[in-house]
Amino acid sequence: QPEIVEKPQLLIVGFEASFIHALSPDANNFEVIGPLWEKICHDDYKISHRLGQEMYGVVYPRPEAERSHPDELQYVAGVAVSEACDLPEGMVLHVVVPHTFALFTHRGPIAKIADNCREIYRNWLPNSRYEHAGIADVEVYDERFDPCGEDSVMEYWISVRPKAKENDG
């Protein structure tokens, strides 16, 4: 069961790309997202006003008119900053607005994150009193994270809001 938490605004600076999500038969998430992490891990020293040592993956919806595939999303691999100025070349700023999130803990190798996402979206969310708010999913990588380690830990947040009550009438 997740923890339901209120999170403040996050300013994330990093590299961005479109991808097909892990629950799609056409998924290309590992092919697209891995290189973003390689780039940000190599260039994160160029980012000014960095907050903390955590790294963030932010998943958010692409406008339907801009999608080349129905399951296409956007991904930003980056770091939190206190203010956005002087973005390094090729990097973007993404703002995650203050919101309510369901905070899940993923344990084990990152290669198994799709299993957790399936559980969240196919089981937990439909059976919970929440629905996805469509703002963002946020991955948080801190000192507990080891990409291949069986003991690795990372947080996975999904933006949620209470489900609308059905009209009886």
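Buried means under 20% relative accessible area. Keep that cut-off in mind for the first stop. The model on your screen is predicted.

**Stop 1: Glu72**

Select Glu72, which is found in strand 4. Its relative accessible area is 8%, under the 20% cut-off, so Glu72 counts as buried. Now show what surrounds Glu72. Leaving aside neighbours within four places in sequence, Glu72 is in contact with Ser18, Phe19, Ile20, Arg62, Glu66 and Arg67. Add Ile33 to the selection. Glu72 and Ile33 are 39 residues apart in sequence. In space they are 13 Å apart, C-alpha to C-alpha.

**Stop 2: Asn29**

Move to Asn29, in helix 1. Is Asn29 buried or exposed? Asn29 has a relative accessible area of 11%, so it is buried. Next, display its contacts beyond four places in sequence: Phe19, Ile20, Ala22 and Gly34. You have met two of these names before: Phe19 and Ile20 are also among the contacts of Glu72.

**Stop 3: the largest pocket**

Select Phe19 again, and add Val59, Tyr75, Glu139 and Tyr156. Of the residues lining the largest pocket, these five lie nearest its centre. The whole lining has 34 residues, and the pocket holds about 840 Å³ of space.

Which elements supply at least two residues each to this lining? Colour these to find out:

- helix 1 (29-43)
- strand 3 (55-61)
- strand 4 (72-80)
- helix 2 (113-127)
- strand 7 (130-141)

Colour the lining by residue type too. You will get 23 nonpolar, six polar and five charged residues.

**Stop 4: Ile4 and the start of the chain**

Go to Ile4 in strand 1. With a relative accessible area of 34%, Ile4 is partly exposed. Now pick Trp157 as well. Ile4 and Trp157 are 153 residues apart along the chain, yet their C-alpha atoms are separated by 9.3 Å. For the contacts of Ile4 beyond four places in sequence, select Thr100, Phe101, Ala102, Trp124 and Tyr130.

**Stop 5: Gln9**

Step along to Gln9. This residue sits in the loop between strand 1 and strand 2 (10-20). Gln9 is partly exposed, at 46% relative accessibility. Leave out the neighbours within four places in sequence, and the contacts of Gln9 are Val95, Val96, Val97 and Pro98. Select Leu51 for a distance check. The C-alpha atoms of Gln9 and Leu51 are 13 Å apart, with their positions 42 residues apart in sequence.

**Stop 6: two positive phi angles**

Select His49, in the loop between helix 1 and strand 3. His49 is not a glycine, but its phi is positive, at about 65°. His49 is partly exposed, with a relative accessible area of 34%.

Then jump to Asp86, in the loop between strand 4 and strand 5 (92-96). Asp86 is another residue other than glycine with a positive phi, near 50°. Where His49 is partly exposed, Asp86 is exposed, at 66% relative accessible area.

**Stop 7: the largest cavity**

Stay with Asp86, since Asp86 helps to line the largest cavity. How many cavities of 30 Å³ or more does the whole structure have? A search finds one. The largest cavity has a volume of about 40 Å³. To show its lining, select Val13, Ile47, Ser48, Val81, Glu83, Ala84, Cys85, Asp86, Leu87 and Pro88. By type, seven of these residues are nonpolar, one is polar and two are charged.

**Stop 8: the cysteines**

Keep Cys85 selected from the cavity lining. Cys85 is partly exposed, with 27% relative accessibility. Now select Cys117. At 11% relative accessibility, Cys117 counts as buried.

Why does Cys117 have no bond to the closest cysteine sulfur? That sulfur is in Cys148, 18 Å from the sulfur of Cys117, which is too far for a bond. A disulfide needs two cysteine sulfur atoms within 2.5 Å. The structure as a whole holds zero disulfides.

**Last stop: confidence**

Colour the chain by pLDDT. The average is 92, and 98% of the residues score at least 70. Which elements mark the two ends of the range of mean pLDDT? Select helix 2 for the lowest mean, 91. Select strand 1 (residues 3-7) for the highest, 98. Where pLDDT is low, predicted coordinates should not be read in detail.

How values were computed
Residues numbered from 1 in each chain as written. Predicted model: local features only at pLDDT ≥ 70, side-chain atom pairs only at ≥ 80, totals over all residues. Heavy atoms only, no water. Buried < 20%, exposed > 50% of the residue type's maximum accessible area, 1.4 Å probe, protein only. 1 Å grid on protein atoms, 1.4 Å probe; cavity = no way out; pocket = protein on both sides within 12 Å on 5 of 7 lines; lining within 4 Å. Points joined across faces, edges and corners; volume = space filled by probe spheres on them. Helix = DSSP H or I, 4+ residues; strand = E, 2+ residues; numbered from the N terminus. Nonpolar A, V, L, I, M, F, W, Y, C, P; charged D, E, K, R; others polar. pLDDT = per-residue confidence, 0-100. Contact = heavy atoms within 4.5 Å.
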